Amino acid sequence: MSISWYLAVSAIVFSLGALGVMTRRNPLVVLLCLELMLNGGNLALIAFSRMWGNGDGQILAIVVMTVAACEVCIGLGMIVAIYRRNLPIDVDELRELQG
Amino acid sequence: MSTTTYGWLVLAFPLLGTLVTAFGYRYLPGRSAGWIGTAAIFLAFLAALGALISLQGHAPGSRQIVSSLWNYASTMGIDAQMSILVDPLSVFMILVVSGVSTLIHLYSISYMDKDRGFVRYFSYLNFFVFSMLLLVLAGNFLLLIVGWAFVGAASYLLISFWYRRTTATKAGIKAFVINVLGDAGLVLGTYFIFKHTGTLDFLKTFHAVESTAHPAFGHATNNGDLVAGCILLLVGAFAKSAQIPLHTWLPDAMEGPTPVSSLIHAATMVTAGVYLIARMHPLFERAPAAQDVGAVVGAATLLIAGTIGLAQTDIKRVIAYSTMSQIGYMIMGVSVGAYAAGLFHLMTHAFFKALLFMAAGSLIGAMGGEQSLEKMGGFRKAMPFTYACFIVGGLALSGIPPFSGFFSKDEILLVTGERGGWHWILYVAGYIGAFFTAIYTFRMIFRAFHGEPVSEARELEGGHLHHAAIPRNPATGEEEDTDVGFPGPNHAIAERALPMRIAMGLLALGAVGAGLIQIPKVDFVIDDFLRPSFATAKGYEPHTKTGLLVIGLTLGTLIGLAGIALAYRIWIVGGEELKASTAIRERTRPLYELFVNKWYFDELIDALVVKPMAAAGAFARDTFERVFVDETLVGGTTGIVRAGSAAVRAAQSGFVRYYAALLVLGVAGVGFYFLLQT
């Protein structure tokens, strides 16, 4: 199978994730969509790794997963903190950081 | 000890005194600062005596000794050294400066006793003496300029000593600005000379100028650069020595405490210009044009200041104008080649003028701070000692034999007359000035000490020293505080303070006897002593024509006596209610207006310099500063930054997905760019 198929799927997953980040307001869903984007990237890495026949891409994919795990930790922690302070769980409401 | 070691000690003691009083002011008990300051200057005087004795031990040909502590810079042909020159001229100056300063410090201990700035006062005064000694001992132009500027700064500090009086601070600023003008002249003049000689050292400069093979300024006299340099040096001398037209600061400087007027504005600092011309005589002798400028300005000053002195009523200002006038004689003297006579007059003038100021200080003390002659009168019985000192100083100033001023002033005029030609005009001007001198001096004495005693004098005769209920500024009549920075309500008079009496008594002895050091045709102590410093000066040797000498001495005596007689006629015989003087004033109204308004010099300088400068400043502020700098440059920059930041701030909406969308768009844009590139 040509590598194009893998890359197409990867691109679709990434774009879906990106669309989700841009359109959803629930921070939990935004985080999920971020995961989608990362995994879209992972898919492309693994496809390339397969194409070249060495393990570099796979190692990079594992690094990305580690980063994703860290990011989810912090993201979920923040969401819990927001919840505990009785703030709205909505990224559009949380916009004090503006010029 | 070697001669130059004494020279360094002369500088070290006053500096030490300054530092001890300045940094130890919290720990010095009572009036000890005054005694420390006096002792420091007295030690300097002793060291100066040591230098004198040690110098006389050298052969006359090797009495110009330079000592350098270290080099400041010796690159690019500049030989800037920390060096002093000990020669008869500088030793003469340090003896006069430290000797008179010791007595004035002693006087100040009593005079400033009740002032709350006592320690500060002595610190400043010691600093002044240090600066003055540095000025006269300097062995090169650089150190001379340093001393010159220090002296100006010390003068500023002491004129503005009572810093809460606005009149005093204004006078201090005026003095400082005019003195800095002189400093600029001195520095620029040095450049002109250094450019040709390539050395800053005095002796090397003189050698370069006097060299027979390759003189620095050519063989002919009146080389353009030399004349320019000498005239710029003269600007410095005129500003420091209060010569026309840079004299207006001196009368205003009388705002300072009276001992300060006595020390700085009569005996020492204002004579720096005379010293400068005498020191630079090898240069001036090759620039006769500059010498003529000095002589004419000196003569003009002595006449104009004399006429102003006739009309002033503030006792300190009368003496200040008299100082200007006497320094006019000295400047004229050293400019026509009468070096020894000019310096001799410098010395005798230091004695009798310091004495007159001290006596005036005592009188002002008895008046409770009042300085106007209009309010004084009849102090003769109440203050016999001050009266005697005033008489001695007045006779010396008027040039009555055998008092000191007689010999020194007539010697200057004698040498001026010997030059012949148009110098006869200066000769005549000098004698007219002497006539004015006698009149205004005795006007002062007769008005203050003779006639009906005023209430203050009566009080003092009854044994009570008058103290004003409310201290007032004598210049403006404003009520004054008695806090630090103002003269206190308590005053001192010589009759009741031993240190003041000692100082005035010793100066009175000097005023009486100092003239006998050098009597024409009899002894030549000053001439002989100073000769090594003026070894190459043309016409230094007195070749006095006896006829002219006799005429001059007789004329001087007669003119002095005539002036005193006229003053007696006007203010004693014509006494009641000043009838005679009022009549004269009414008859010569325009002249009187001219004199009492000081020949309108302040107004002239105001109109010619201050007003145009202020107008130019206002114009620059309104157009250049406000419109161009503030609005265009500064306003433009801030406008750009503000507009840019407003645009960037608008992008910071706080919506996370908006940022994410921008990010995606940006990455997509970059991606498309590279796609299109390939």
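This section describes the fold of chain B and the nonpolar cores in a predicted model.

In this predicted model, chain B comprises 26 helices and two strands, and its C-alpha trace spans about 115 × 70 × 55 Å along the principal axes. Of the 678 residues in chain B, 51% are buried. When contacts in chain B with a separation of 6 or more are considered, 80% of them are accounted for by residues 24 or more positions apart.

The largest nonpolar core contains 208 residues, and those with the most contacts inside it are B:V10, B:L133, B:A354 and B:L355. The greatest contribution to this core comes from helix α15 of chain B, spanning residues 339-366, which supplies 20 residues. Apart from this core lies another, made up of eight residues that include A:L31, A:C33, A:M37 and A:L38.

The surroundings of B:V10, one of the residues with the most contacts inside the largest core, can be described in further detail. Once neighbours within four places in sequence are left aside, B:V10 is in contact with B:A44, B:A47, B:A48 and B:A51, with B:I94 and B:S98, and with B:L133 and B:L137. Among these partners, B:L133 is itself listed with the residues that have the most contacts inside the core.

Helix α26 of chain B, formed by residues 656-677, has 22 residues and reaches 32 Å from its first C-alpha to its last, close to the 32 Å expected at 1.5 Å a residue. This helix is hardly covered, the count of buried residues among its 22 residues being zero, whereas buried residues make up 51% of chain B.

Terms used
Residues are numbered from 1 along each chain as its sequence is written. Chains are lettered from A and ligands numbered from 1 in the order in which they are written. This is a predicted model: local features need pLDDT of at least 70, side-chain atom pairs count only at pLDDT 80 or more; totals for chains, interfaces and linings use all residues. A nonpolar core is a set of buried Ala, Val, Leu, Ile, Met, Phe, Trp, Tyr and Cys residues joined through C-beta atoms within 7 Å. A residue is buried if 20 or more other C-beta atoms lie within 10 Å of its own, exposed if 12 or fewer, and partly exposed in between; C-beta atoms are placed from the backbone. Helices (H or I, at least four residues) and strands (E, at least two) are DSSP runs, numbered from the N terminus. Two residues are in contact if their C-beta atoms, placed from the backbone, lie within 7 Å. The expected span of a helix is 1.5 Å times one less than its number of residues.
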